[in-house]
Amino acid sequence: MEELQALWHNASDEENTQVSKEELDALVSQSSSNELAKLRKVIYLEYVATWFVLPILVFSMYWRSVFPLLAISLLVLTVYLLYFYRKALRQFDQIRYEDNIQNYLQKALSFVKTYVRRYKMIYWVTIGFGIIIGYSGGYYSEGKEELQFTASSKWNLAIIGGLVITAILFTHFYIKYLYQARINKLEELLQDFSEK
Amino acid sequence: MQHKQEFHGFLNEHTAIIRKVCRLYTDNQADFHDYFQEVVLQLWKSFTSFRGEAKASTWIYRVALNVCLSQLKLKKRRITATTIDPEAAKHWADEPYDTTQEEQFQRLYAAIRQLKELDRALILLYLEERSYEEMADILGMGISNVGVRINRIKKQLNQLIHGRAASTMA
């Protein structure tokens with residue numbers, strides 16, 4: 001192995017090519033290709049958007065409480081989402097490049113998993129609320145004409161339901177394709193640390 | 001401005017480390033350039049927070065390895081020596097030097113690239129003659145684990161190199 005070390009050090013001259021001031025300016029002025037930072041941006045935008053939803057929800061509940069149970073559930077969910085996004089942002093802030101490799105990978109993995117969990121949460125919540133709205137609509141339809149489901153609207157409902165399920169399935173496989181491979185890669189790298 | 005000048009000097013003092021790390025995790029010049037840029041950018045961003053608590057080289061290894069590992073493409077690619085275009089590889093060097101050495105060096109890189117990602121980091125640090133303590137510190141592993149793995153990787157690397165090009169490396 002000594003000859004390899006010698007070869008490695010002989011090659012150092014080539015690697016020592018200096019970076020000019022102009023090159024440095026160009027390098028640091030370009031935008032980062034850091035994928036984790038991009039995911040963080042998405043989470044931050046959703047976090048801000050959720051803050052806007054909160055007062056609107058409270059106002060709607062006060063102004064016209066059509067389905068009190070649904071409104072309360074939405075409010076609880078929004079508060080939970082705010083907590084969830086805040087936690088995810090904190091998780092990201094703990095990721096530091098100057099950390100040791102194992103710690104960095106663990107934190108990165110945990111953040112990517114949270115990011116993916118958020119997708120799953122969104123589509124399960126969509127299904128859940130779809131069922132609640134459907135059930136509440138049927139329940140309230142007896143007394144309130146505007147909420148009645150007629151025979152023809154059942155077809156519309158079926159089409160909308162179909163579209164929602166398609167969108168959910170699409171999102172599910174899209175996430176799997178896009179992020180599952182990265183999660184597997186990070187897990188594989190981390191598993192490598194425990195092997196001797 | 002002065003801060004940037006300070007960083008410029010610092011970067012040029014340690015540029016070899018960054019280039020070597022990036023080269024081990026890429027097999028083409030476009031990726032190499034992307035990785036190099038990202039490492040420099042992240043070093044620049046955290047340069048103010050670097051207070052010399054860790055050795056400068058340790059800090060750079062950590063940032064460079066973390067950036068490269070997180071930038072890794074998802075495709076499973078095992079690189080062999082034959083996949084490297086010698087002409088393209090020659091362009092990586094700005095100054096021409098001994099051809100035999102160039103070939104040996106490229107062969108060494110190609111062999112290292114066939115190792116697992118973590119093993120590449122370990123052998124890089126070994127070739128850079130870092131102590132086991134520093135390797136453990138950079139990677140977040142136990143010292144004994146580093147020792148065991150280094151011995152295994154050395155054998156593996158010897159097989160890869162000598163198995164393919166016994167005449168040039170012996």
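**Exercise 1. Find the partner of B:K116 across the interface and give the distance between their closest N and O atoms.**

Start at B:K116, which forms a salt bridge with A:D192; the closest N and O atoms are 3.0 Å apart. The rule asks for a side-chain nitrogen of Lys or Arg within 4 Å of a carboxyl oxygen of Asp or Glu. Next, widen the view: four salt bridges are found across the interface of chain A and chain B.

A word on the model: it is predicted, so local features need pLDDT of at least 70 and side-chain atom pairs count only at pLDDT 80 or more, while totals for chains, interfaces and linings use all residues. Residues are numbered from 1 along each chain as its sequence is written, chains are lettered from A in the order in which they are written, and side-chain values use heavy atoms, without hydrogens and water.

**Exercise 2. Work out how many residues of each chain are in contact.**

Using heavy atoms within 4.5 Å as contact, 46 residues of chain A meet 69 residues of chain B. In chain A, A:W8, A:E15 and A:Y97 lose the most area to chain B, together 16% of what that side buries (accessible area, 1.4 Å probe, lost on putting two parts together, summed over both).

**Exercise 3. State which residues line the second largest cavity.**

First take its volume, about 80 Å³, the space filled by probe spheres set on the grid points. A cavity is a set of points on a 1 Å grid over the protein atoms alone where a 1.4 Å probe fits but cannot get out, and lining residues have an atom within 4 Å of a point. Then list the lining: A:N34, A:E35, A:L36, A:A108, A:V112, A:R182, A:L186, B:S70 and B:Q71.

How values were computed. On a 1 Å grid over the protein atoms alone, a cavity is a set of points where a 1.4 Å probe fits but cannot get out, and a pocket is an open set with protein on both sides within 12 Å along at least five of seven lines; lining residues have an atom within 4 Å of a point.
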